[in-house]
Amino acid sequence: MEDKTLVCRACSQEFVFTAGEQEFYQMKGFENEPKDCKDCRIAKKQERRNQRMNRNSDQQEEPT
Ligand SMILES: [Zn+2]
């Protein structure tokens, strides 16, 4: 397998979908290639976490 260069749909930057990642995707049975670069994926994940934290903060306080 070879590294692939894909274009991020979020920031339009090129990013590398490495052979190792392709193998990982195949192992997991994912049929689609990643649409976002790593930075955008991390940002999105953090955004989701922030939203969840904001939602929960009204009801309960998580121990730090
Ligand atoms: Zn991106």
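**Notebook: loops, a hairpin and two helices**

I began with Glu-33, which sits in the loop between α1 and α2. The model I am reading is a predicted one.

**Entry 1: Glu-33.** Is Glu-33 buried or exposed? I counted 11 C-beta neighbours inside 10 Å. Glu-33 is therefore exposed, since 12 or fewer is the cut-off for that class. Next I asked which residues Glu-33 touches, leaving out those up to four places away in sequence. They are Leu-6 and Phe-17. I also checked Glu-33 against Glu-21. The two are 12 residues apart in sequence, and their C-alpha atoms are 9.7 Å apart in space.

**Entry 2: the overall layout.** I stepped back to the whole protein. It has two helices and two strands. Read from the N terminus, the order is β-β-α-α. I looked up burial next. Of the 64 residues, 2% count as buried. Then I looked at contacts with a separation of 6 or more. Residues 24 or more positions apart account for 35% of these.

**Entry 3: confidence.** I looked up the pLDDT values. The mean for the protein is 90, and 89% of the residues reach 70 or more. Which element has the lowest confidence, and which the highest? The lowest is α2, with a mean of 90. The highest is β1, at 97.

**Entry 4: the hairpin.** I turned to the strands. How do β1 and β2 pair? They run antiparallel, joined over four bridges. I picked out one bridge: Lys-4 is partnered by Phe-17 in β2. Phe-17 had already come up as a contact of Glu-33. Between the strands of the hairpin there are six residues. One residue there caught my eye, Ser-12. Ser-12 lies in the loop between β1 (4-7) and β2 (14-17). Its phi is near 60°, a positive value in a residue that is not glycine. I checked its surroundings too. Ser-12 has 8 other C-beta atoms within 10 Å, so it is exposed.

**Entry 5: α1 and what follows.** How many of the 10 residues of α1 are buried? The count is zero, so I noted the helix as hardly covered, a residue needing 20 or more C-beta neighbours to be buried. After α1 comes Gly-29. Its phi is positive, near 80°.

**Entry 6: Cys-37.** I moved along to Cys-37, in the loop between α1 (19-28) and α2. Why does Cys-37 count as buried? It has 21 other C-beta atoms within 10 Å, and 20 or more is enough, so Cys-37 is buried. I listed its contacts, again without residues up to four places away in sequence. They are Cys-8, Cys-11, Gln-13 and Phe-15. Of these I followed up Cys-8. Cys-37 and Cys-8 are 29 residues apart along the chain, yet 5.3 Å separates their C-alpha atoms.

**Entry 7: Arg-41.** My last stop was Arg-41, in helix α2 (residues 38-57). Arg-41 has 15 C-beta neighbours inside 10 Å, so it counts as partly exposed. I compared its position with Cys-8 as well. Arg-41 and Cys-8 are 33 residues apart in sequence, with 9.8 Å from C-alpha to C-alpha.

**Entry 8: looking back.** I set the residues side by side. Glu-33 is exposed, and Ser-12 is exposed. Arg-41 is partly exposed, whereas Cys-37 is buried. Cys-8 appears twice in my notes, 5.3 Å from Cys-37 and 9.8 Å from Arg-41, by C-alpha atoms.

Note on methods:
Residues numbered from 1 in each chain as written. Predicted model: local features only at pLDDT ≥ 70, side-chain atom pairs only at ≥ 80, totals over all residues. Contact = placed C-beta atoms within 7 Å. pLDDT = per-residue confidence, 0-100. Pairing = 2+ DSSP bridges.
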